[in-house]
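Reader: Please walk me through the structure below, one question at a time. I'd like the reasoning along with each answer.

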Amino acid sequence: MLNRRHIRIKVMQTLYSMQQNDSDRLEGGEKFLFNSIENIQDLYLLMLTSLIEIQKKEENFLAVSQKKHLATAEERNPNRKFIDNSVLKALGESVSVANALEERTVNQWHVNEVYIQILINEIKQSELYEQYMSSGLTSFKEDKDFVWRAFTEIIAPNEKLYDFFEDTKLTWLDDLPLVNTMIQKQLRQLTEEDLQILVPRLYKDFDDKDFARQLYRKTLLNAGELNKEFVDKTPNWDTERIAEIDTIILRMAICEMLKFSSIPIKVTINEYLEIAKEYSTPKSSIFINGILDNISKAYEADNKLNKIGKGLL
């Protein structure tokens, strides 16, 4: 699920939090880092199971309505197309999802069902729902398209969910785009022959987890040395006025250049420029690009880079 850029962001957030709290405790920061990363899976499960909980809640609502003493004809014989949606049913029957929920003890929707009702209301009030329920068709393609669009257009951008996630875990707001993209991709890839959704691994492989640990440790333990690498190269900038997040980004980027032999210089620079655009000031990416470009050229001229493989400079 995680990509290298998101790992870099998690390391940056950890280092920033430590700097704000004036902490240099290696083990404490590392625990925070990996807890923050592991919590991404909880967010993934919450977003994915919002679809399951919506289907369950609507099914319960229809069952109760049918038993009303003065039930209307529509209530006695409701349109079941939504609760019989083949994709929603497959999600609810997924062994992989059920096992992950139990392992991670993710049960927030049971005590925060008001948000599920909010989503149901928004879906049922949408033109998408009206068209789906009245189409007179029944097909896997229509079921899948409806679920994908409901997730993409109504659930994923829901502001009340954003508020809930921010109150639950502040770092989740940064993780939502990654998680939502993963779920959209999984829904798109479903076929009528294979309706199984498997909970993705958090890390692509062991190297990615080790990359997170090493980037965090090497940047933290070599902070003084890394600072010296860029302080003398900012003559037109008052070092005390450089944004805190920029100093962390520069340390991490220089650390990658010097201590991660398999990562190309261009990749390092591009990745941190994108992070700066998202997390720092409007001028930061220009400033950081200039510093890193000058530093990389100086390192190359001094044969200071120990990169392995072709095209790594």
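Author: A term to start with: contact means heavy atoms within 4.5 Å. Helices (H or I, at least four residues) and strands (E, at least two) are DSSP runs, numbered from the N terminus. You're looking at a predicted model, where local features need pLDDT of at least 70 and side-chain atom pairs count only at pLDDT 80 or more, while totals for chains, interfaces and linings use all residues. Residues are numbered from 1 along each chain as its sequence is written, and side-chain values use heavy atoms, with hydrogens and water left out.

Reader: How far apart are the end C-alpha atoms of helix α9?

Author: Expected span is 1.5 Å times one less than the number of residues. Helix α9 runs over residues 140–155, so its 16 residues should span 22 Å. The model agrees with that, with the end C-alpha atoms at 21 Å.

Reader: Which helices do the buried residues of α9 pack against?

Author: Buried means under 20% relative accessible area, exposed over 50%, and partly exposed in between (1.4 Å probe, protein chains only). In α9 the buried residues include F140, F146, W148 and I155, but also the charged-looking letters E142, D143 and K144. Their packing partners are α2 (26–66), α4 (86–92), α7 (113–124), α8 (127–134), α10 (159–168) and α11 (172–189).

Reader: E53 is a glutamate in α2; is it buried or exposed?

Author: Leaving aside neighbours within four places in sequence, E53 is in contact with W109, H110 and I116. Its relative accessible area is 17%, which makes E53 buried.

Reader: Which helix gives the largest share of the largest nonpolar core?

Author: A nonpolar core is a set of buried Ala, Val, Leu, Ile, Met, Phe, Trp, Tyr and Cys residues joined through side-chain atoms within 4.5 Å. This one has 96 residues, and Y44, M47, I155, F165 and L187 touch the most other members. The largest share, 14 residues, comes from α2.

Reader: What does F165 touch?

Author: Residues up to four places away in sequence aren't counted here. That leaves F165 touching L43, L46, M47, W109, L170, W172 and L176.

Reader: D22 has a phi near 55 degrees without being a glycine; is it buried or exposed?

Author: D22 sits in the loop between α1 (4–20) and α2. Its relative accessible area is 73%, so D22 is exposed.

Reader: Where is T105, which also isn't a glycine and has a positive phi of about 50 degrees?

Author: T105 is exposed, with a relative accessible area of 60%. You'll find it in the loop between α5 (95–104) and α6 (108–111).

Reader: Which residues lie nearest the centre of the largest pocket?

Author: On a 1 Å grid over the protein atoms alone, a cavity is a set of points where a 1.4 Å probe fits but cannot get out; a pocket is an open set with protein on both sides within 12 Å along at least five of seven lines, and lining residues have an atom within 4 Å of a point. The pocket's volume is about 270 Å³, a volume being the space filled by probe spheres set on points joined across faces, edges and corners. Of its 15 lining residues, four come from α2, the largest share. Nearest the centre are E58, L62, E74, P78 and N79.

Reader: Which helix gives the most to the lining of the largest cavity?

Author: The search finds one cavity of 30 Å³ or more, and the largest holds about 40 Å³ of space. Its lining includes L51, I54, F146, V147, A150 and I155. With four residues, the helix that gives the most is α9.
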